[in-house]
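User: Could you take a close look at one part of this model for me? I'd like one chain walked through properly, with its surroundings added at the end.

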Amino acid sequence: MIRLDGLVLRHPGAQEAAVQGVSLAAAAGRITAIVGPNGSGKSTIVRALLGRLAPEAGGVSIDGTPLAAIDRRRFATQVAVVPQREEPVFPLEVRDFIALGRYPHASPFAGPTAADRDAVARAVARAQVEPFLDRRTDTLSGGEWQRVRIARALAQGARALVLDEPTTFLDIAHEMAVFELLDALAREGQAVLLVSHQLNLVARFADHIVLLHHGRVAAAGTPAEVMRGEVLERVYEWPLVVSRDPAVGAPVLVPLRGRGTR
Amino acid sequence: MSRRTAALLVAVLLLAVMLGLALGSVALAPDVVVAALLGRGDPTALAIVNGLRVPRVALGVFVGAGLAASGTALQATLRNPLAEPYLLGVSGGAAMGAVLVVVGGLTSPVFLPLAAFVGAAVAVALVLLVARAAGGRSDPRVLLMAGVVVGAFCTAAIMVLLATAPEGAVRGALWWMMGSLGDARAAAVTSVAAYVLVGMTLLLWWGRDLDVLSLGEEAAAALGLDVDRATRRIYLTASLLAAATVAGAGLIGFVGLVVPAIARALGVRGTRATVVAAALLGGALVVVADVVARTVASPAELPLGAVTALVGVPFFLWRLRATAAR
């Protein structure tokens, strides 16, 4: 379980803390989503998880152990993070790229062990990326690339998965495919912590939503508890209504105003 | 790297070595060269091959390998296909460090590379600071600008140092600025070889770290790499490699740029394979460039760095266009 307790984060040189006392728990078997407007501190939390930003106050713990006490390699075997952006300057074959997910398990010179090969094979099957294995990373489409990156994270063999905006730039089919994959992983017992702008899909798939606003938790709870018109309107500073998603009955946000209404 | 590619690269290096031993102001037939290597044949050929060309070609092989390996490492760490020790000012810093101690009267072939190493490490730190201050460490062009500026400062400082040094106390300015394999004494060759082999061993040891690092800071951290420590190690190792080549042969640009790119174009992937492939190709390139430098205007000798720059600059412009277009 990934736990944040009163986490305060400040970018070097910044006047105001980007994250001001956020607490949340991402438990096994659930999708926990962090949502909020641009600049609300979502990606800053991911940066802290990656050890690139030290907490000013409060802390992060993994299964009860404080993050600062966990060696980075060990962390990577417990929590797999898919950062927001990544573009290899020197293209790799997809199979080699996914195999890098075993980096935290490997010693510098030993070749892949049976466990490594097994983990990679399972990750490849799970993310359904077999068709691309022999291709180069620079030949993949946006949707294929995201799946390949998720496959590399799965190859890490961690019990928790953190994804920062995994469906940006994806079309509807690829976006749904990613959300369905995350849903299946959570059903299998993974802890999934998802940072996303896609409120409506998050409301459909997530078990627990944390809504951030200016670095603070504006609302947290089940989709029904968080997706309330007055809360979202205040946080996003835009008139909107919350309706019902016709497919599964989840709350769905509809922004108001449009052509001819200004 | 496939076996075929590896065999091709070894063959290219052997061919370059053969050319380097056979050609020069006096051209020798291959069988004469081979006989001389085995200690047979007429004394003139023996003296030319074993006394002059073998150390010179050996120096070229290690200098080329060092420059190419250094470029490979810098490119992966900075995620910048245009990075290489000369353009980043690393070689300039190394030359300044070396010239400083030479002017100070210390010329031991063991100590010289160390002084060059200190100069190179300072230059790397300076370039990164300048680039960060300009807010563009991730922008390849800002980084190169910082490198060119630091390099220009170093060459200016070298010219001042050499102009004010007592005559004959130091090798000429041209030797440092334009590079040459002309000073291939056994001690210098051994020293360069030792430093280059140590540097390459370190890069191979950290090869997987470099693979992960080339994915970018966040992805590398996500995979459990201590990014800052790994980056420091690689910069220092790349500086050491560049410094050894500068101490042995002066400033030779663009080898670290051109060679890794050719290796990748041949389908070599992954840092370890690229370092090995680049070392083989880099050795070949410098030896051939030296043959060109020695023969084109014979008996006059062209500066080796000028020959590599004549090839490297058009290549650089072509790659710069491709990078800018991305």
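Here is the part I have in mind. What does helix H3 of chain B look like, and how does it sit in the chain?

Analyst: Sure, and keep in mind throughout that this is a predicted model. Let's start with the chain itself. Chain B has 14 helices and zero strands, so reading from the N terminus you just get one α after another. Its radius of gyration is 19 Å, close to the 20 Å that the globule rule gives for 326 residues, so chain B is as compact as a globular protein of that length. Along the principal axes, the C-alpha trace spans about 65 × 55 × 35 Å. Of the 326 residues in chain B, 53% are buried. If you take the contacts in chain B with a separation of 6 or more, 76% of them come from residues 24 or more positions apart.

Now for your helix. H3 of chain B runs over residues 43-78, which is 36 residues. From first C-alpha to last it reaches 51 Å, close to the 52 Å expected at 1.5 Å a residue. There is a bend along the way, though: a kink of about 40 degrees lies at Arg53(B), shortly before the proline Pro55(B). As for surroundings, 27 of the 36 residues of H3(B) are buried, so the helix is largely enclosed by the rest of the structure. After H3(B) comes Arg79(B), with a positive phi near 50 degrees.

What does Val17(B) touch, leaving aside its neighbours within four places in sequence? The answer is Val57(B), Val61(B) and Val287(B). Positions 57 and 61 fall inside the 43-78 stretch of H3(B), while Val17(B) itself belongs to helix H1 (residues 3-22) of chain B. An α-helix has 3.6 residues a turn, so residues three or four places apart point the same way. Val17(B) counts as buried because it has 21 C-beta neighbours inside 10 Å, and the cut-off for that is 20 or more. Another valine to look at from here is Val291(B): 274 residues separate it from Val17(B) in sequence, yet the two are 9.8 Å apart in space, C-alpha to C-alpha.

Further along chain B there is another positive phi to check. Phe254(B) has a phi near 75 degrees, and it isn't a glycine. Most residues other than glycine have a negative phi. Phe254(B) lies in the loop between helix H11 (227-249) and helix H12 (255-265). Is Phe254(B) buried or exposed? It is buried, with 26 other C-beta atoms within 10 Å.

Last, the partner chain. In all, 21 residues of chain A are in contact with 21 residues of chain B. On the chain A side, helix H2 (residues 72-78) gives the most, with four residues. By class, that side of chain A has 14 nonpolar, one polar and six charged residues.

Chain A also has an open sheet of four strands, in the order E2-E1-E4-E5 and with antiparallel pairing. Strands E2 (19-26) and E5 (65-66) stand at the edges with a single partner strand each, so one side of each is left without a neighbour in the sheet. Within the sheet, E1 (residues 2-9) and E4 (residues 57-62) of chain A pair over five bridges, and Asp5(A) stands opposite Gly59(A) in E4(A).

Technical notes: Residues are numbered from 1 along each chain as its sequence is written. Chains are lettered from A and ligands numbered from 1 in the order in which they are written. This is a predicted model: local features need pLDDT of at least 70, side-chain atom pairs count only at pLDDT 80 or more; totals for chains, interfaces and linings use all residues. Two residues are in contact if their C-beta atoms, placed from the backbone, lie within 7 Å. Helices (H or I, at least four residues) and strands (E, at least two) are DSSP runs, numbered from the N terminus. Ala, Val, Leu, Ile, Met, Phe, Trp, Tyr, Cys and Pro count as nonpolar, Asp, Glu, Lys and Arg as charged, and the others, Gly among them, as polar. A residue is buried if 20 or more other C-beta atoms lie within 10 Å of its own, exposed if 12 or fewer, and partly exposed in between; C-beta atoms are placed from the backbone. Two strands pair if DSSP finds at least two bridges between them. The expected span of a helix is 1.5 Å times one less than its number of residues. The bend at a residue is the angle between axes fitted to the seven residues ending there and the seven starting there. The radius of gyration is taken over C-alpha atoms; the globule rule is 2.2 Å times the number of residues to the power 0.38.
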